[in-house]
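This report describes the surroundings of a bound ligand and the placement of selected residues. The sequence and the structure are shown first.

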Amino acid sequence: MEYISTRGKVGSIGFVDAFMMGLANDGGLLIPKEIPTFSEGTLQAWSKLSYTELVLEIFSYFTNDEIPADELKELVTASYSTFRHPEVTPVKKLSDELYLLELFHGPTFAFKDIALQFMGQFYSYVAKKKGAKIHILGATSGDTGASAIEGVRGKEGIKICILHPHGKVSKVQELQMTTVQEDNVLNLSVDGNFDDCQRIIKELFADLDFKAENQLAAINSINFVRILAQTVYYFYAYFQVAKETGSVKVNFSVPTGNFGDIFAGYLAKRMGLPINKLILATNENNILERFINEGVYMPGDFRMTHSPSMDIQVASNFERYLYYVLGEDAELITSIMEQFKVEGEISISAEALAKVQAEFAAHGVLGAECLATISNYKEETNYLLDPHSACGVAAAKQCAGEGEITISLATAHPGKFNEAIELCGIEQQYPEQIQALFNQSQRQTRIAGDKAAIAATIEQFYRS
Ligand SMILES: *Cc1c(COP(=O)(O)O)cnc(C)c1O
C-alpha cells in the first residue's frame with residue numbers, strides 16, 4: 001500500500017513514512033492510494049478472530065511488511081494488553097434494534113485509547129529502530145491528550161506536548177492529563193477553544209522548517225494510522241452482532257467532532273462491511289449535521305455543551321471525506337480548501353449531496369435531549385450513558401428506520417463526564433483509577449492562544 005495526499009503534491013510514500021509525516025507536507029491529509037475490498041468469504045473467516053487477531057489481519061493490507069510480522073504482533077498485543085475487558089471493544093445489547101459498542105475499556109476511559117495506545121507503542125518502536133527523537137505535538141478537546149500522554153509517558157526518545165482549551169475540558173479529563181509527573185510531558189492550557197488549539201498546531205505542522213527542526217509527530221486524527229486503527233472495531237462489532245441477528249446490514253451511529261471516528265466507519269463500509277447508514281451525531285456545534293442535511297459546510301459560533309469532546313466546529317478529517325465524495329480529484333480539493341480559507345464556506349452540488357445522503361444521516365442533539373437520554377436509559381435499562389454516547393443513542397433513535405439494527409458507539413465512560421451526570425440528578429461511583437486522580441498534584445502551563453508564544457514554548461521544551 002502506498003499513501004498519497006488529498007491535495008496531490010506528496011509522492012507515494014510507505015506506511016511508516018505516512019505515520020511519521022502526520023499532516024501531509026502539502027497541507028492535505030494522507031490517504032491510502034487504493035481502498036482494499038474484502039469478500040464475504042473473508043469477512044466470514046474474520047468473524048471468528050479475537051480483537052487483536054483482527055487488527056493484524058486488517059493492518060496487513062496497509063503496512064506493506066514494513067514492520068516484521070512478529071514485531072507488529074508484539075506491538076499490537078502490548079497496545080491492547082492495557083484494556084480492562086478481554087474483548088477490548090465488547091458489544092452490549094440494549095434492545096432488539098439497538099446495540100452499544102463499548103469503546104471505553106482502555107486506560108483513559110475513552111475510545112481514543114484504541115488508536116493511541118497503539119500509536120504510543122509504534123512511536124516508541126520507530127524511535128528505537130531509527131535512533132530518532134520524536135516530539136509529539138497535539139491538540140485535544142480532552143480525550144486525545146489524556147490517551148496520547150498515557151501511551152508515551154516516560155518513554156525513551158519521546159517528548160509530548162498537548163494543547164487543551166483552558167477551562168473547557170471536564171475535570172477528570174484535565175486531571176488525567178495534568179497529574180502525570182514524567183518530564184517528557186508538557187501540558188499547555190490555552191486561552192481559547194479547541195478550534196484555536198487545532199488551528200495553531202495545524203499551522204505549526206504546515207511550517208515544514210519548524211516541523212523538521214523540531215522533529216514533530218502527530219497524534220491527532222490528521223494521522224492516518226489513527227483512522228486505520230479505528231476501522232477495526234466496526235468490523236469486530238458487526239461480527240458480534242451478526243452472530244445474533246444473522247448477516248443483515250446495520251447502521252452505525254457515531255458521536256462526531258472531528259469527523260475522524262465516523263470516517264473510519266466510512267472506510268470500513270468502502271472495504272466491504274455491510275453498513276446501511278452511517279448516522280452522524282453532533283451536539284449544538286452542528287456544522288456537520290448541516291453539511292449532511294443541506295450540503296453546506298460553514299463553521300459557526302463555538303458553543304460549550306455537555307459533551308465537550310465534540311465541541312468542535314472545524315472538523316479536520318472532513319477533507320478526507322470530501323476527497324472521496326467529489327471523485328478523488330486532488331486539484332479540485334486544493335482549490336476548494338483554498339477557497340474555504342478565504343470564504344469560510346464550502347457548498348457542494350445537489351448531485352454530490354445526493355451521494356452524501358445515500359450514505360449518511362445526521363442529527364444534532366441539543367443539551368436537554370442529551371440529558372433526557374441519559375436519564376431515560378438509566379431509568380429504563382439501568383445503563384448509564386456518558387453524554388457523548390447519549391448523543392449517539394439519541395441520533396440513532398431519530399435517524400434509524402423502522403426495524404433497522406443500529407450499533408451506537410459508546411465513546412466514553414460516564415465517570416469522565418460527571419458534570420453532565422450530576423445535572424441528571426444521578427450519583428455515580430467513579431472507577432478506582434479515576435477516583436485516585438483527585439488527590440494528585442497537577443502540572444500545566446497556562447498560555448495565551450497565540451501561535452508565536454506557543455511555538456517558542458514548545459521549542460524550548462523539545463530542546464531541553
Ligand atoms: C473525540 C471524541 C469524540 C469525537 O470523535 P471524532 O473522531 O473527533 O469525531 C466523541 N466522543 C468522545 C468521548 C471523544 O473523546
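Is H413 buried or exposed? H413 has a relative accessible area of 17% and is therefore buried, since buried means under 20%. The model discussed throughout is a predicted one.

## The ligand site

The ligand sits in the largest cavity. Around the ligand there are 15 residues, of which K112, D143, G257, N258 and T411 come nearest. By chemical character, the shell divides into five nonpolar, seven polar and three charged residues.

Three polar approaches to the ligand can be described individually. The side chain of D143 places an N or O atom 2.4 Å from an oxygen atom of the ligand. In the case of N258, a backbone N or O atom is 2.8 Å from an oxygen atom of the ligand. T411 approaches a nitrogen atom of the ligand, with a polar side-chain atom at 2.9 Å. Taken alone, the ligand exposes 390 Å², and 98% of that area is buried by the protein.

## Two buried histidines

H413 belongs to the loop that runs between β14 (405-410) and α18 (418-423). A polar atom of the H413 side chain is 2.8 Å from the backbone nitrogen of G415. This contact thus involves the side chain of H413 and the backbone of G415.

H363 is placed in strand β13, which spans residues 360-364. Its relative accessible area is 12%, so H363 is classed as buried. The side chain of H363 is joined to the side chain of E369 by a polar contact of 3.1 Å. For H413 the partner atom is a backbone nitrogen, whereas for H363 the partner is a side chain.

## Positive phi angles in two loops

Most residues other than glycine have a negative phi. Two residues in this model deserve attention in that respect. V88, although not a glycine, has a positive phi of about 65 degrees. V88 is located in the loop between α4 (69-80) and β3 (91-95). With a relative accessibility of 4%, V88 counts as buried.

E328 is likewise not a glycine, and its phi is positive at about 55 degrees. The loop that holds E328 connects α13 (318-325) with α14 (330-343). Because its relative accessible area is 40%, E328 is partly exposed; the partly exposed class lies between the 20% and 50% limits.

## Exposed loop positions

S247 lies in the loop between α10 (224-245) and β9 (250-255). Its relative accessibility is 63%, so S247 counts as exposed. What distance separates S247 and P274 in space, C-alpha to C-alpha? The separation is 8.3 Å, while the two residues are 27 residues apart in sequence.

E156 occupies the loop between α6 (143-152) and β6 (158-165). At 71% relative accessibility, this glutamate counts as exposed, because exposed means over 50%. Between the C-alpha atoms of E156 and S124 the separation is 7.3 Å, with these positions 32 residues apart along the chain as the sequence offset.

## Positions within helix α4 and strand β6

A78 is part of helix α4. Its relative accessible area of 27% makes A78 partly exposed. From A78 to T52 the distance is 26 residues in sequence and 9.9 Å in space, taken from C-alpha to C-alpha.

I162 is located in strand β6. Its relative accessibility is 0%, and I162 therefore counts as buried. I162 and E359 are 197 residues apart in sequence, and their C-alpha atoms are 34 Å apart in space.

Methods. Residues are numbered from 1 along each chain as its sequence is written. This is a predicted model: local features need pLDDT of at least 70, side-chain atom pairs count only at pLDDT 80 or more; totals for chains, interfaces and linings use all residues. Side-chain values use heavy atoms; hydrogens and water are left out. A residue is near a molecule or strand if one of its heavy atoms lies within 4 Å of it. A polar contact is a pair of N or O atoms within 3.5 Å; within protein, one must be able to donate a hydrogen and the other to accept it, and residues adjacent in sequence count only if both atoms are side-chain atoms. Accessible areas come from the Shrake-Rupley method with a 1.4 Å probe; for residues, only the protein chains shown count as cover. On a 1 Å grid over the protein atoms alone, a cavity is a set of points where a 1.4 Å probe fits but cannot get out, and a pocket is an open set with protein on both sides within 12 Å along at least five of seven lines; lining residues have an atom within 4 Å of a point. A molecule sits in a cavity or pocket if more than half of its atoms lie within 2 Å of its grid points. Ala, Val, Leu, Ile, Met, Phe, Trp, Tyr, Cys and Pro count as nonpolar, Asp, Glu, Lys and Arg as charged, and the others, Gly among them, as polar. Helices (H or I, at least four residues) and strands (E, at least two) are DSSP runs, numbered from the N terminus. Buried means under 20% relative accessible area, exposed over 50%, partly exposed in between (1.4 Å probe, protein chains only).
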